[in-house]
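Me: Please examine a single strand of this model closely, including its partners. Please then describe how the chain is divided.

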Amino acid sequence: MTTTSTPSSTTKAQTVSDDALRLIDVDHVRFYVGNAKQAAHFYAYTFGFKLDQIADLTTGSRDEANYLLTQGNIRFILTSGLSLDHEAHDHVKRYGDGVRSIAFTVDDAEAAFNQAVKNGAEAENEPTTISNNDGSITTSAIKIYGRVIHTFVSRSGKYSLENVRKGGLISPAFAKVENYALNDYNQQNPCGLKYLDHCVGNVELGKMDYWVSWYENVLGFKLFKHFDDDDISTEYSALMSKVMDSGYGVIKFPINEPAPGKKKSQIQEYLDWHDNTAGVQHLAMRTNDELSSVTELNRRGVDFLYVPKEYYNEVWDRVNKMLKENGHDAVKEDHEKIKELGILVDADDEGYLLQLFTKPLQDRPTLFFEIICRRGSQSFGKGNFKALFESLEQEQERRGNL
Ligand SMILES: [Fe+2]
């Protein structure tokens, strides 16, 4: 039998410490979408995710439908409202499909919630525990920018993170999906995505530093010092960005705000189509083999940003010079193949990275994905801003938003 309870926070609150906010992993990312059944099929096919678990009418979920997609250590939950008053409807009306929650696994979701609120977070959901004879999960949530939240999840028994990583049920409310043909296909044709590298938020003009301080004060994140810091804003970029580091090697959170440029900032375009509300701009997923991943994703019809071929006239000099100066080997991947696939390359004092961005994943120019492979570099592709922004401007132009 499954029971739900809301524990009182009496004794726990007195024992919380900074350790309460030790993040173990990105538990999952939850999207609110207009039609979860169809969206699940889109992400399963185009990005090679396994449609692993479901919680809908067939499993007794009367007010929402949830689909769990997994690949490597990435877990996405796609949620659509079933009941008339479900909040996903308003989210979709105002923002289109997008990210609602970035959830972290912690030791104790009640203690994490209490500590975050004590540190200044605004509460979204009080701690709630769902348990049965096999184990339990406790969840709580705090608000971040726009309508996005961070959910804390603590797990026990059958629902432990270790079991979830091996394909165990993510929550007592879910059931395993049987006989979904694409799952076999994806196993035979892997896209190679391993885990979330970073999650980028777009916030309103003048709000970047507010959220930098918020992440420092509430969650104990640190401003990530890296190669890009000195000149993150260029005449082409028309955005400002600072990167927050969760610590524990879990994830990084760059935060962007629009900046004045020659033309409309891509961040402003996002906000214009997102009901002037901050939100998640892109999720970057790590691969160990950029060329194989992009080849397979191309084959599946993923719509990547087009990189002008002229980009490759100068990129090798720039990148390999930087690598040589810092005592690193040159880019080992086939240069011609990189050009053919339109992959972006950048280097810093620690090494290089390969990256490529999709076009928006829905009709609005809002959320997109990045496929990234790091060979030492811990930065975010600053050297690609010029080429990238020219490509983005062409897309904005086509959408009539420049
Ligand atoms: Fe990125």
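Reply: The account below begins with strand S3 and then turns to the domains.

The model is predicted: local features need pLDDT of at least 70, side-chain atom pairs count only at pLDDT 80 or more, and totals for chains, interfaces and linings use all residues. Residue numbers start from 1 along each chain, following its sequence as written.

Strand S3 spans residues 50-55; strands (E, at least two residues) and helices (H or I, at least four) are DSSP runs, numbered from the N terminus. Five of the six residues of S3 are buried, so the strand is mostly covered; a residue is buried if 20 or more other C-beta atoms, placed from the backbone, lie within 10 Å of its own, exposed if 12 or fewer, and partly exposed in between.

S3 pairs with two strands, pairing being defined as at least two DSSP bridges. With strand S4 (residues 64-71) it forms five bridges in the antiparallel sense, and Ile54 has Tyr67 of S4 as its bridge partner. Strand S10 (residues 175-176) is joined to S3 by two bridges, also antiparallel, and here Ile54 stands opposite Ala175.

The chain is divided into domain 1 (3-188) and domain 2 (193-398), with bounds from an automatic or database domain assignment. Their C-alpha centres lie 26 Å apart. The contact takes 30 residues from domain 1 and 34 residues from domain 2, where contact requires C-beta atoms, placed from the backbone, within 7 Å. On the domain 1 side, the elements that give two or more residues are strand S2 (25-32), helix H2 (36-47), helix H3 (87-95) and strand S6 (98-105).

Terms used. Two residues are in contact if their C-beta atoms, placed from the backbone, lie within 7 Å.
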